[in-house]
Amino acid sequence: MSKVLYIKANVKPEGQSKTFRISDSFIEEYKKNNPNDEIITLDLYKENINFLKGEDLEVVFGPKNEESRNHPILKYAYQFVEVDKYVIAAPMWNLNVPAILKAYIDYVSVTGITFKYTENGPVGLCQGKKAVHIVSRGGSYSEGAGAAFEMGDRYLRTIFGFFGTTDFTTIAAENVDVIGEDVEAILENAINKAQAIAKEF
Ligand SMILES: Cc1cc2nc3c(=O)[nH]c(=O)nc-3n(C[C@H](O)[C@H](O)[C@H](O)COP(=O)(O)O)c2cc1C
(Lines give C-alpha, C1' and ligand atoms only; values in the text may rest on other atoms or scores of the structure.)
Protein backbone atom coordinates (compact mmCIF):
# COMPACT_ATOMS: atom_id res chain seq x y z
CA MET A 1 0.00 0.00 0.00
CA SER A 2 1.41 3.38 -1.00
CA LYS A 3 0.81 6.78 0.55
CA VAL A 4 0.15 9.63 -1.87
CA LEU A 5 0.50 13.28 -0.83
CA TYR A 6 -1.86 15.44 -2.91
CA ILE A 7 -0.47 18.98 -2.52
CA LYS A 8 -2.94 21.64 -3.68
CA ALA A 9 -1.74 25.21 -4.16
CA ASN A 10 -4.49 27.45 -5.44
CA VAL A 11 -6.61 30.11 -3.81
CA LYS A 12 -9.50 29.43 -6.19
CA PRO A 13 -12.25 27.30 -4.66
CA GLU A 14 -13.18 23.80 -5.88
CA GLY A 15 -15.05 23.95 -9.17
CA GLN A 16 -13.37 27.14 -10.40
CA SER A 17 -9.80 25.97 -10.85
CA LYS A 18 -8.74 24.52 -14.19
CA THR A 19 -5.68 23.02 -12.53
CA PHE A 20 -7.78 21.18 -9.94
CA ARG A 21 -10.11 19.90 -12.67
CA ILE A 22 -7.14 18.07 -14.16
CA SER A 23 -5.56 17.02 -10.85
CA ASP A 24 -8.86 15.76 -9.39
CA SER A 25 -9.32 13.59 -12.51
CA PHE A 26 -5.81 12.27 -11.96
CA ILE A 27 -6.60 11.40 -8.33
CA GLU A 28 -9.95 9.77 -9.25
CA GLU A 29 -8.28 7.59 -11.86
CA TYR A 30 -5.44 6.76 -9.46
CA LYS A 31 -7.93 5.69 -6.78
CA LYS A 32 -9.73 3.42 -9.26
CA ASN A 33 -6.46 1.65 -10.02
CA ASN A 34 -5.10 1.64 -6.45
CA PRO A 35 -8.14 1.33 -4.16
CA ASN A 36 -6.06 0.39 -1.12
CA ASP A 37 -3.64 3.31 -1.30
CA GLU A 38 -3.94 6.21 1.11
CA ILE A 39 -4.42 9.68 -0.41
CA ILE A 40 -3.51 12.53 1.93
CA THR A 41 -4.88 15.84 0.64
CA LEU A 42 -2.90 18.89 1.71
CA ASP A 43 -4.68 22.08 0.66
CA LEU A 44 -2.00 24.66 1.44
CA TYR A 45 -4.51 27.51 1.78
CA LYS A 46 -6.30 25.54 4.51
CA GLU A 47 -3.03 24.82 6.32
CA ASN A 48 -1.14 27.24 8.53
CA ILE A 49 1.63 27.85 5.98
CA ASN A 50 3.49 31.14 6.49
CA PHE A 51 6.76 32.70 5.48
CA LEU A 52 9.61 31.46 7.69
CA LYS A 53 10.28 33.88 10.56
CA GLY A 54 13.60 34.48 12.34
CA GLU A 55 12.85 32.09 15.19
CA ASP A 56 11.71 29.40 12.73
CA LEU A 57 15.21 29.14 11.27
CA GLU A 58 16.54 27.79 14.58
CA VAL A 59 13.92 25.05 14.42
CA VAL A 60 14.59 24.19 10.78
CA PHE A 61 18.37 24.01 11.26
CA GLY A 62 18.30 22.81 14.89
CA PRO A 63 18.42 19.29 16.35
CA LYS A 64 15.60 16.85 15.54
CA ASN A 65 14.08 14.66 18.26
CA GLU A 66 10.79 12.92 19.10
CA GLU A 67 9.12 16.24 19.95
CA SER A 68 10.06 17.63 16.53
CA ARG A 69 7.52 15.33 14.85
CA ASN A 70 4.62 17.39 16.17
CA HIS A 71 6.21 20.79 15.70
CA PRO A 72 3.84 23.03 13.66
CA ILE A 73 6.51 23.54 10.95
CA LEU A 74 8.55 20.33 11.08
CA LYS A 75 5.47 18.10 10.92
CA TYR A 76 5.23 18.95 7.21
CA ALA A 77 8.77 17.72 6.53
CA TYR A 78 8.12 14.45 8.42
CA GLN A 79 4.92 13.96 6.46
CA PHE A 80 6.77 14.70 3.21
CA VAL A 81 9.49 12.10 3.81
CA GLU A 82 7.03 9.43 4.96
CA VAL A 83 4.90 9.28 1.79
CA ASP A 84 5.73 7.36 -1.40
CA LYS A 85 4.30 9.62 -4.10
CA TYR A 86 3.54 13.29 -4.63
CA VAL A 87 0.83 14.89 -6.76
CA ILE A 88 1.35 18.67 -6.91
CA ALA A 89 -1.46 20.79 -8.35
CA ALA A 90 -0.42 24.40 -8.90
CA PRO A 91 -1.27 26.95 -11.62
CA MET A 92 1.40 29.19 -13.11
CA TRP A 93 1.55 32.48 -11.24
CA ASN A 94 3.89 35.15 -12.58
CA LEU A 95 6.08 32.61 -14.37
CA ASN A 96 6.44 30.53 -11.20
CA VAL A 97 4.45 28.53 -8.66
CA PRO A 98 2.09 30.39 -6.28
CA ALA A 99 4.10 31.83 -3.36
CA ILE A 100 2.34 29.59 -0.85
CA LEU A 101 3.88 26.55 -2.55
CA LYS A 102 7.36 28.11 -2.25
CA ALA A 103 6.60 28.81 1.44
CA TYR A 104 5.59 25.15 1.84
CA ILE A 105 8.87 24.02 0.22
CA ASP A 106 10.68 26.20 2.80
CA TYR A 107 8.83 24.21 5.50
CA VAL A 108 9.72 20.77 4.08
CA SER A 109 13.30 21.54 3.10
CA VAL A 110 14.73 20.54 6.48
CA THR A 111 18.20 19.18 7.01
CA GLY A 112 18.07 15.89 8.92
CA ILE A 113 14.57 15.08 7.62
CA THR A 114 14.24 15.50 3.83
CA PHE A 115 17.96 15.86 3.08
CA LYS A 116 21.26 15.75 4.95
CA TYR A 117 24.75 17.12 4.55
CA THR A 118 27.60 14.66 4.09
CA GLU A 119 31.33 15.00 3.44
CA ASN A 120 30.46 14.74 -0.24
CA GLY A 121 27.77 17.40 -0.15
CA PRO A 122 24.00 17.30 0.40
CA VAL A 123 22.10 14.02 -0.09
CA GLY A 124 18.33 13.76 -0.56
CA LEU A 125 16.43 11.53 1.87
CA CYS A 126 13.33 11.18 -0.34
CA GLN A 127 14.79 8.66 -2.77
CA GLY A 128 12.82 6.01 -4.64
CA LYS A 129 9.65 8.14 -4.68
CA LYS A 130 7.83 9.67 -7.64
CA ALA A 131 6.16 13.00 -8.30
CA VAL A 132 3.78 14.51 -10.83
CA HIS A 133 3.27 18.25 -11.24
CA ILE A 134 -0.09 19.26 -12.72
CA VAL A 135 -0.20 22.85 -13.93
CA SER A 136 -2.36 25.09 -16.10
CA ARG A 137 -0.95 28.22 -17.69
CA GLY A 138 -2.52 31.19 -19.39
CA GLY A 139 0.11 31.17 -22.13
CA SER A 140 2.64 28.81 -23.65
CA TYR A 141 5.91 27.95 -21.89
CA SER A 142 6.68 24.28 -22.53
CA GLU A 143 8.45 24.99 -25.82
CA GLY A 144 9.53 27.83 -28.08
CA ALA A 145 10.41 31.35 -26.95
CA GLY A 146 8.34 31.10 -23.74
CA ALA A 147 10.29 28.10 -22.39
CA ALA A 148 13.12 30.29 -21.06
CA PHE A 149 10.60 32.21 -18.91
CA GLU A 150 9.18 29.13 -17.17
CA MET A 151 10.42 28.99 -13.55
CA GLY A 152 7.75 26.98 -11.68
CA ASP A 153 8.01 23.48 -13.09
CA ARG A 154 11.76 23.89 -13.41
CA TYR A 155 12.01 24.90 -9.74
CA LEU A 156 9.87 22.00 -8.50
CA ARG A 157 11.73 19.46 -10.64
CA THR A 158 15.07 20.77 -9.29
CA ILE A 159 14.12 20.92 -5.60
CA PHE A 160 12.42 17.50 -5.73
CA GLY A 161 15.62 16.16 -7.32
CA PHE A 162 17.56 17.77 -4.46
CA PHE A 163 15.34 15.83 -2.02
CA GLY A 164 16.18 12.66 -4.00
CA THR A 165 12.94 12.35 -5.99
CA THR A 166 14.14 12.39 -9.58
CA ASP A 167 11.16 10.52 -11.08
CA PHE A 168 9.24 13.72 -11.89
CA THR A 169 6.51 14.04 -14.53
CA THR A 170 4.76 17.21 -15.70
CA ILE A 171 1.23 17.50 -17.05
CA ALA A 172 0.61 21.00 -18.41
CA ALA A 173 -2.49 22.59 -19.94
CA GLU A 174 -1.32 25.68 -21.79
CA ASN A 175 -2.81 28.69 -23.58
CA VAL A 176 -5.98 28.47 -21.50
CA ASP A 177 -6.27 32.28 -21.36
CA VAL A 178 -5.49 32.93 -25.02
CA ILE A 179 -8.44 34.43 -26.91
CA GLY A 180 -9.64 32.13 -29.70
CA GLU A 181 -8.25 28.94 -28.17
CA ASP A 182 -10.60 26.01 -27.58
CA VAL A 183 -10.08 25.90 -23.81
CA GLU A 184 -12.40 22.92 -23.29
CA ALA A 185 -10.40 20.90 -25.83
CA ILE A 186 -7.12 21.86 -24.14
CA LEU A 187 -8.45 20.79 -20.75
CA GLU A 188 -9.94 17.54 -22.11
CA ASN A 189 -6.59 16.75 -23.67
CA ALA A 190 -4.77 17.36 -20.38
CA ILE A 191 -7.36 15.30 -18.46
CA ASN A 192 -6.88 12.38 -20.88
CA LYS A 193 -3.13 12.61 -20.42
CA ALA A 194 -3.52 12.81 -16.63
CA GLN A 195 -5.76 9.73 -16.56
CA ALA A 196 -3.30 7.74 -18.70
CA ILE A 197 -0.38 8.69 -16.41
CA ALA A 198 -2.46 8.01 -13.26
CA LYS A 199 -2.97 4.39 -14.38
CA GLU A 200 0.81 3.79 -14.29
CA PHE A 201 1.74 6.14 -11.42
C1 LIG B 1 -1.84 35.79 -9.88
C2 LIG B 1 -1.81 35.16 -11.25
C3 LIG B 1 -0.65 35.21 -12.00
C4 LIG B 1 -0.59 34.61 -13.27
N5 LIG B 1 0.58 34.63 -13.98
C6 LIG B 1 0.62 34.02 -15.19
C7 LIG B 1 1.83 33.99 -15.95
O8 LIG B 1 2.87 34.47 -15.53
N9 LIG B 1 1.81 33.38 -17.15
C10 LIG B 1 0.70 32.77 -17.64
O11 LIG B 1 0.74 32.23 -18.75
N12 LIG B 1 -0.47 32.78 -16.96
C13 LIG B 1 -0.52 33.37 -15.75
N14 LIG B 1 -1.68 33.38 -15.05
C15 LIG B 1 -2.86 32.68 -15.61
C16 LIG B 1 -3.03 31.29 -14.99
O17 LIG B 1 -1.83 30.54 -15.04
C18 LIG B 1 -4.09 30.51 -15.74
O19 LIG B 1 -5.28 31.25 -15.81
C20 LIG B 1 -4.35 29.19 -15.06
O21 LIG B 1 -5.11 28.37 -15.89
C22 LIG B 1 -5.09 29.38 -13.74
O23 LIG B 1 -5.34 28.11 -13.21
P24 LIG B 1 -6.53 27.88 -12.18
O25 LIG B 1 -7.84 27.99 -12.93
O26 LIG B 1 -6.29 26.50 -11.65
O27 LIG B 1 -6.39 28.91 -11.12
C28 LIG B 1 -1.75 33.97 -13.78
C29 LIG B 1 -2.92 33.96 -13.02
C30 LIG B 1 -2.97 34.54 -11.77
C31 LIG B 1 -4.24 34.47 -10.96
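1. A good place to start in this predicted model is helix α6, whose buried residues pack against α1 (18-33) and β7 (167-173). The residues in question are Ile186, Leu187, Ala190, Ile191, Ala194 and Ala198, which are buried in α6. They cover an arc of only 130 degrees around the axis, and therefore sit on the same side of α6. If you turn to the face pointing away from that buried side, you will find the exposed residues Asn189 and Glu200.

2. It helps to know the general rule behind this pattern. An α-helix has 3.6 residues a turn, so residues three or four places apart point the same way.

3. The length of α6 can be checked too. What should the 18 residues of helix α6 (residues 183-200) span at 1.5 Å a residue? The expected value is 26 Å, and the end C-alpha atoms of α6 are 26 Å apart, so the two agree.

4. Now have a look at helix α5 (residues 152-162), where Gly152, Asp153, Leu156, Ile159 and Phe160 are buried. Their arc around the axis is only 140 degrees, which puts them on the same side of α5. The partners of these buried α5 residues are α3 (74-82), β3 (85-89), α4 (99-108), β6 (130-136) and β7. Strand β7 is thus a name to remember: the buried residues of α6 pack against β7, and so do those of α5. After α5 comes glycine 164, with a positive phi near 105 degrees.

5. Next, the ligand. How many residues surround the ligand? There are 18, and the closest are Ser17, Thr19, Ser136, Gly139 and Asp177. Several polar atoms are worth picking out in the viewer. In asparagine 10, a polar side-chain atom lies 2.9 Å from a ligand oxygen atom. For lysine 12, an N or O atom of the side chain is 2.8 Å from an oxygen atom of the ligand. With methionine 92 it is a polar backbone atom, 2.7 Å from an oxygen atom of the ligand. On its own the ligand exposes 630 Å², and the protein buries 77% of that.

6. Serine 23 deserves a glance as well. Is serine 23 buried or exposed? Its relative accessibility is 0%, and because buried means under 20%, serine 23 counts as buried. This serine belongs to helix α1. Leaving aside residues up to four places away in sequence, serine 23 touches Tyr6, Ala89 and Ile134.

7. Two loop residues have a backbone angle you may want to inspect. Leucine 95, in the loop between β3 and α4, has a positive phi near 70 degrees although it is a residue other than glycine. With a relative accessible area of 29%, leucine 95 is partly exposed. Asparagine 175 is not a glycine either, yet its phi is positive at about 65 degrees. You will find asparagine 175 in the loop between β7 and α6.

8. Finally, asparagine 120 is located in the loop between β4 (115-118) and β5 (121-124). At 77% relative accessibility, asparagine 120 counts as exposed. Its C-alpha atom is separated by 32 Å from that of phenylalanine 201, and the two residues are 81 residues apart along the chain.

Notes: Residues are numbered from 1 along each chain as its sequence is written. This is a predicted model: local features need pLDDT of at least 70, side-chain atom pairs count only at pLDDT 80 or more; totals for chains, interfaces and linings use all residues. Side-chain values use heavy atoms; hydrogens and water are left out. Helices (H or I, at least four residues) and strands (E, at least two) are DSSP runs, numbered from the N terminus. The expected span of a helix is 1.5 Å times one less than its number of residues. Buried means under 20% relative accessible area, exposed over 50%, partly exposed in between (1.4 Å probe, protein chains only). The arc is that of the directions from the helix axis to the C-beta atoms. Contact means heavy atoms within 4.5 Å. A residue is near a molecule or strand if one of its heavy atoms lies within 4 Å of it. A polar contact is a pair of N or O atoms within 3.5 Å; within protein, one must be able to donate a hydrogen and the other to accept it, and residues adjacent in sequence count only if both atoms are side-chain atoms. Accessible areas come from the Shrake-Rupley method with a 1.4 Å probe; for residues, only the protein chains shown count as cover.
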